[in-house]
Structure formats: C-alpha cells, structure tokens
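Trainee: I would like to learn how to read a model like this one. Could we take it feature by feature?

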Amino acid sequence: MINARRSLTQIFLFPTIIALIVAFGLVSALLGDGIWDTTSWIALAVPLAVTAFFACKNTR
C-alpha cells in the first residue's frame, strides 16, 4: 500500500464540483421550461455518468 498524503483540497475537490453541478441542476429544474429542463437533465446525469465510468473502470 502506498502512503500518499493528500491535502483536504485534493480529497474534496472532485466531490464538491459534482455537488455544485447537482445543485445547479436542481435549481435549473425549478426555474423554468425549455432550455432549463435540458440543462437540469444534463446536470443531474453527471453523477450517474461519473459512477458508471468508475464502476466500469474498476471491473477491468
């Protein structure tokens, strides 16, 4: 096992970015129709895409 020391920024940067994208998606779903709906669907699909990516990556 490798003892790699990471800062709090390195640990929490990626989850924070995903959380901000999801929050944007939830707010855009409430704002209106049309482009806002499309934006919310894309933003809310980001965590699913990231999960699928890493799930497929770990099975190889």
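Mentor: Start with the angle between two helix axes: over 145 degrees counts as roughly antiparallel, and under 35 degrees as roughly parallel. Keep in mind throughout that this is a predicted model.

Trainee: At roughly what angle do the axes of α1 and α2 cross, and within what distance do they come?

Mentor: Helix α1 covers residues 8-31, and helix α2 covers residues 35-59. Their axes cross at roughly 150° and come within 7 Å. With the cut-off at 145 degrees, α1 and α2 are therefore roughly antiparallel to each other. The crossing in which α1 passes α2 is left-handed.

Trainee: Which residues of α1 and α2 meet?

Mentor: On the α1 side they include F14, I18, I21, V22, G25, S28 and A29. On the α2 side, W36, T39, S40, A43, L44, V50 and F54 are among them.

Trainee: How do I decide whether a residue such as S28 is buried or exposed?

Mentor: Use the relative accessible area: under 20% is buried, over 50% is exposed, and anything in between is partly exposed. S28, in helix α1, has a relative accessible area of 0%, so S28 is buried. S40, in helix α2, has 5% relative accessibility and therefore also counts as buried.

Trainee: What does each of these two serines touch, leaving out residues up to four places away in sequence?

Mentor: S28 touches W36, T39 and S40. Seen from the other helix, S40 touches G25, S28 and A29.

Trainee: Where do the polar side-chain atoms of S28 and S40 find backbone atoms?

Mentor: For a polar contact, look for a pair of N or O atoms within 3.5 Å. A polar atom of the S28 side chain lies 3.4 Å from the backbone nitrogen of S40. The side chain of S40 has a polar atom 2.7 Å from the backbone oxygen of D37.

Trainee: Which backbone oxygen does the side chain of T51 reach?

Mentor: That of P47, at 2.8 Å. T51 is found in helix α2. With a relative accessible area of 53%, above the 50% cut-off, T51 is exposed.

Trainee: How far apart are the C-alpha atoms of T51 and I18?

Mentor: They are separated by 11 Å, and the two residues are 33 residues apart along the chain. You can read I42 and I21 in a similar way: they are 21 residues apart along the chain, and their C-alpha atoms are separated by 9.5 Å. I42 is found in helix α2 and is exposed, with a relative accessible area of 56%.

Trainee: How many aromatic pairs does the count come to?

Mentor: Ring centres must lie within 6.5 Å to pair, and planes over 60 degrees apart count as edge-to-face. By this rule there is one aromatic pair. F53 and F54 form the pair, with 5.1 Å centre to centre and 80° between the planes, an edge-to-face arrangement. F54 has a relative accessible area of 35% and is partly exposed. F54 also belongs to the residues of α2 that meet α1.

How values were computed
Residues numbered from 1 in each chain as written. Predicted model: local features only at pLDDT ≥ 70, side-chain atom pairs only at ≥ 80, totals over all residues. Heavy atoms only, no water. Phe/Tyr/Trp six-rings, centres within 6.5 Å; stacked < 30°, edge-to-face > 60°. Buried < 20%, exposed > 50% of the residue type's maximum accessible area, 1.4 Å probe, protein only. Helix = DSSP H or I, 4+ residues; strand = E, 2+ residues; numbered from the N terminus. Polar contact = N/O pair within 3.5 Å; in protein donor to acceptor, adjacent residues only side chain to side chain. Contact = heavy atoms within 4.5 Å. Axes fitted to C-alpha atoms, helices over the stretch in contact; angles between N-to-C directions. Parallel < 35°, antiparallel > 145°, perpendicular 65-115°, else oblique. Left-handed = near helix turned anticlockwise from the far one by under 90°.
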